[in-house]
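Me: Please take a close look at a single part of this model and describe how it is built and what surrounds it. A connected account would be more useful to me than a list.

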Amino acid sequence: MKQGKIIKSQKDLYYVNSESETLMCKARGNFRKKGIKPLVGDNVLIEYLSDGEGYITQICQRSNEIKRPNIANVDQILLFATIKNPPLNLYNLDKYLAMCEYIGIDVCMILSKIDLADQKEIDDFVKIYEPIGYKILCLDNYDDFPEDEIMSVLKGKTSAVSGASGVGKSTFSNNLVDINVEIGSISDKSKRGKNTTRHTEIFKINENTFLFDTPGFDSFDIDFIEDEVELKDTFLEFRDKTCKFKDCNHINEPKCGVKEDLKNGEISESRYKNYLMLFEEIKKRRENKW
Ligand SMILES: Nc1nc2c(ncn2[C@@H]2O[C@H](COP(=O)(O)OP(=O)(O)OP(=O)(O)O)[C@@H](O)[C@H]2O)c(=O)[nH]1
Ligand SMILES: [Zn+2]
């Protein structure tokens, strides 16, 4: 019996890194009866067969599970956005942030492809998210790659890149894998062209530092929150506001601290507008269920 980590999956085949080798494994354990599927990021026990093949017999307890992308045991999300190519989509970004806050996972925002943006556009983006408390790294994957700053964010953690298709996630991951230790064939750069990423894959940056490269997504449902009243807690800047009603949803209620701060500019208009849209989306979904 060996222990390892699933670093990539393809249909029913799992690539499990154990010590210095990567084994190709199929799932065989009890967990399948419970409808549990192994995920990239899972720590597993494997039965070794021969010739680099084996079976996954057990999945170790997960510290967390993310649905989009579907991965396990992530310490932080690197949430990618661009101003142009693809165009900035604040609605999807706020939806994703809500999901991270709901799960309770740390986020670092990466504004990528800044070579394609004006300074004012970059500043406007930073002005929305920095006051909320989100860390933001701005970068150009080719000519302005702040490696030291990135490594200090990643060090000792398992991080996952996430964001729309084409925002520069794979280029970012490749930059880091190039700079740091490569493990075996999985980080063979020749196999990683400029195509759209189809599989989630983990790279070892150094001894305790791992990075998941994941396929992009262009939209996703907000089905992770069942009741719209839970949404407000995922907008961090709403949390410390004083409202007349304790259970204020910050929509039609009088003497609402959030709406007051929206008026005086302390809460960003785009964030509030996206909050209202998400609130309605969750409400509709809940009402249609019954
Ligand atoms: N101008 C500019 N182009 C970039 C930058 N980073 C990546 N690109 C280009 O943008 C395109 C998409 O980059 P990828 O790294 O494949 O994007 P991705 O987010 O991994 O995309 P998916 O795999 O579809 O999720 C490629 O043609 C890259 O060469 C950057 O910082 N600036
Ligand atoms: Zn309120």
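Reply: Where the first two domains meet, 12 residues of domain 1 are in contact with 11 residues of domain 2, contact meaning heavy atoms within 4.5 Å. The model is predicted, so local features need pLDDT of at least 70 and side-chain atom pairs count only at pLDDT 80 or more, whereas totals for chains, interfaces and linings use all residues. Residues are numbered from 1 along each chain as written, chains are lettered from A and ligands numbered from 1 in written order, and side-chain values rest on heavy atoms, with hydrogens and water left out.

The assignment gives domain 1 (2–59), domain 2 (65–186 + 195–213) and domain 3 (228–289); such bounds come from an automatic or database domain assignment. Between the C-alpha centres of domain 1 and domain 2 the distance is 27 Å.

The close look falls on strand β11 (residues 158–162) and its partners. Strands here are DSSP runs of E with at least two residues, helices are runs of H or I with at least four, and both are numbered from the N terminus. In β11, 5 of its 5 residues are buried, that is, under 20% relative accessible area, with exposed meaning over 50% and partly exposed in between (1.4 Å probe, protein chains only). Thr158, Ala160 and Ser162 cover one face, and Ser159 and Val161 the other; all are buried.

Two strands pair if DSSP finds at least two bridges between them. Strand β8 runs parallel to β11 and is joined to it by 4 bridges, with Leu78 opposite Val161. β11 also pairs with β13 in the parallel sense, over 3 bridges, and here Ala160 stands opposite Phe212.

Gln76 belongs to strand β8 (residues 76–82). Because its relative accessibility is 4%, Gln76 counts as buried. Beyond neighbours within four places in sequence, its contacts include Thr158, Ser159 and Ala160, as well as Ile105, Asp106 and Val153.

The loop between β8 and α1 holds Asn85 and Pro86. A cis peptide bond joins these two residues, with omega about 0 degrees, and phi of Asn85 is near 55 degrees, a positive value in a residue other than glycine. Most residues other than glycine have a negative phi, and most peptide bonds are trans. Asn85 has a relative accessible area of 52% and is therefore exposed.

Nonpolar packing completes the picture. A nonpolar core is a set of buried Ala, Val, Leu, Ile, Met, Phe, Trp, Tyr and Cys residues joined through side-chain atoms within 4.5 Å. The largest such core has 65 residues, and Met109 is one of those with the most contacts inside it. Helix α1 (residues 90–103) gives the most to this core, with 8 residues. Apart from it lies another core of 19 residues, among them Val161 and Phe172. For Met109, the contacts outside its neighbours within four places in sequence include Leu79, Leu93, Leu97 and Phe125.
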